[in-house]
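Reader: I should be grateful for a close look at a single part of this model, with particular attention to its aromatic rings. Please describe the part in one connected account.

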Amino acid sequence: MKLILLFSVLAFIGVFIWKTDLTAVAKEINNIGFRVIYIFACTFCAYLLGTWGWRACLGADKKKISISQLFIVRQIGETVGLYNPTSVVAGDLFKVELLKRYGINTQIGLNSVLISRITAVLSQILLFLSTMLWLLLSPLNTRISNLFGIWFYILIGVLIVAKIALFVWLGTSKRFKRPLVNNNGSAWKRISDHINSSLFDIKFFFQNDKRAFWCSYFLFLLHWIVGSFEFYLILRFLGYHVTALHGLFLDMYSITFKSLGAFIPGQLGIEELGNKLALSTIGIASVSLWITVSLLRRTRQLFWISIGFILYFLIKKDVANVTTA
């Protein structure tokens with residue numbers, strides 16, 4: 001299974017690179033010049049904040065792994081998740097597998113991944129709703145209404161209800177025992193038991209370690225905000241006078257749209273379409289611009305793919321040292 005996962009990821013990364021016009025990428029990098037470093041630095045800071053947000057969910061076991069080691073684990077897992085048909089499922093399970101090499105129990109590792117996903121999604125919904133409110137109060141209100149009509153308000157309503165319902169569920173004080181996993185049952189029963197067990201652990205964590213939960217929530221909030229500066233910087237470097245709120249909206253829109261095509265490795269074509277729709281929403285309809293933005297964002301992905309490969313060999317060496325010690 002490990003070999004299948006490895007070759008599938010390598011194959012889809014190969015397709016991703018093959019479908020990327022490297023000549024056009026080099027041209028756009030040349031146009032921006034040394035300022036491309038700011039884009040890479042921005043995404044590095046965002047990834048680092050995401051790592052801290054995840055580390056807060058590890059509880060006492062976070063002492064077993066340093067922030068730099070966890071950063072490496074996260075980057076490798078995110079790369080696997082991005083270039084695999086099963087998306088975050090394979091990536092998150094791979095993270096758990098890597099955590100085991102640092103002496104972190106499988107269940108604790110799995111719980112930390114699930115809880116960090118929840119804090120990440122909840123903070124993302126908050127920012128998405130904030131940008132929607134900003135759009136409604138801005139001169140773009142009429143344009144948004146014409147583009148999306150009543151569906152825009154339905155989406156906002158659904159997200160608000162979902163966020164409130166999830167917090168209500170997390171905070172419910174109803175006592176119940178941790179479900180036991182019956183390994184002798186049917187495959188469906190085992191899957192159901194594992195899901196119920198994980199839901200129990202998530203709820204238990206929220207009710208018994210609210211400080212760590214809200215710390216993770218806040219760090220992921222910063223993760224999304226800092227990550228959105230990539231859009232802002234690209235547009236500023238290309239001569240467009242946009243604000244940081246424009247960048248935040250574009251990033252939230254792009255992430256939400258990409259999630260619809262999460263099963264497509266690398267979101268080939270999906271991300272480009274999302275960039276086009278996001279830019280047109282704020283009144284930027286230049287064909288050349290959304291292509292340029294897409295190329296520069298692909299440049300960032302190519303950069304972190306190469307970093308991911310380097311980190312994978314570093315973690316193998318690091319784990320070998322930990323095992324020897």
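**Aromatic rings and their surroundings**

Author: In this predicted model, Trp214 has a relative accessible area of 38% and is therefore partly exposed. Its ring partner Phe206, at 5%, is buried. The ring centres of Phe206 and Trp214 are 6.5 Å apart and the planes meet at 65°, so the pair is edge-to-face. Phe206 also has a charge over its face: Lys210 lies there, at 5.1 Å from the ring centre. A further case is Lys95, which sits over the face of Trp54 at 5.4 Å from the ring centre.

The count of aromatic pairs comes to 16. Among them is the edge-to-face pair of Phe71 and Trp304, with 6.4 Å from centre to centre and 65° between the planes. Phe71 belongs to helix α4 and Trp304 to helix α13 (residues 287–324), so this pair ties together parts that are 233 residues apart in sequence. Both Phe71 and Trp304 are buried. They also belong to a cluster, linked by ring pairs, that includes Phe40, Phe44, Tyr47 and Phe303.

Helix α4 itself, which contributes Phe71, is mostly covered, with 12 of its 16 residues buried. Among these buried residues are Leu70, Ile72, Val73 and Ile76, together with Gln69, Arg74 and Gln75. The helix runs over residues 67–82; at 1.5 Å a residue it should span 22 Å, and its end C-alpha atoms are 22 Å apart, which agrees.

Key:
Residues are numbered from 1 along each chain as its sequence is written. This is a predicted model: local features need pLDDT of at least 70, side-chain atom pairs count only at pLDDT 80 or more; totals for chains, interfaces and linings use all residues. Side-chain values use heavy atoms; hydrogens and water are left out. Helices (H or I, at least four residues) and strands (E, at least two) are DSSP runs, numbered from the N terminus. The expected span of a helix is 1.5 Å times one less than its number of residues. Buried means under 20% relative accessible area, exposed over 50%, partly exposed in between (1.4 Å probe, protein chains only). Rings of Phe, Tyr and Trp (its six-membered ring) pair if their centres lie within 6.5 Å; planes under 30 degrees apart count as stacked, over 60 as edge-to-face and the rest as tilted. A charge sits over a ring if NZ of Lys or CZ of Arg is within 6 Å of the ring centre and within 35 degrees of the ring normal.
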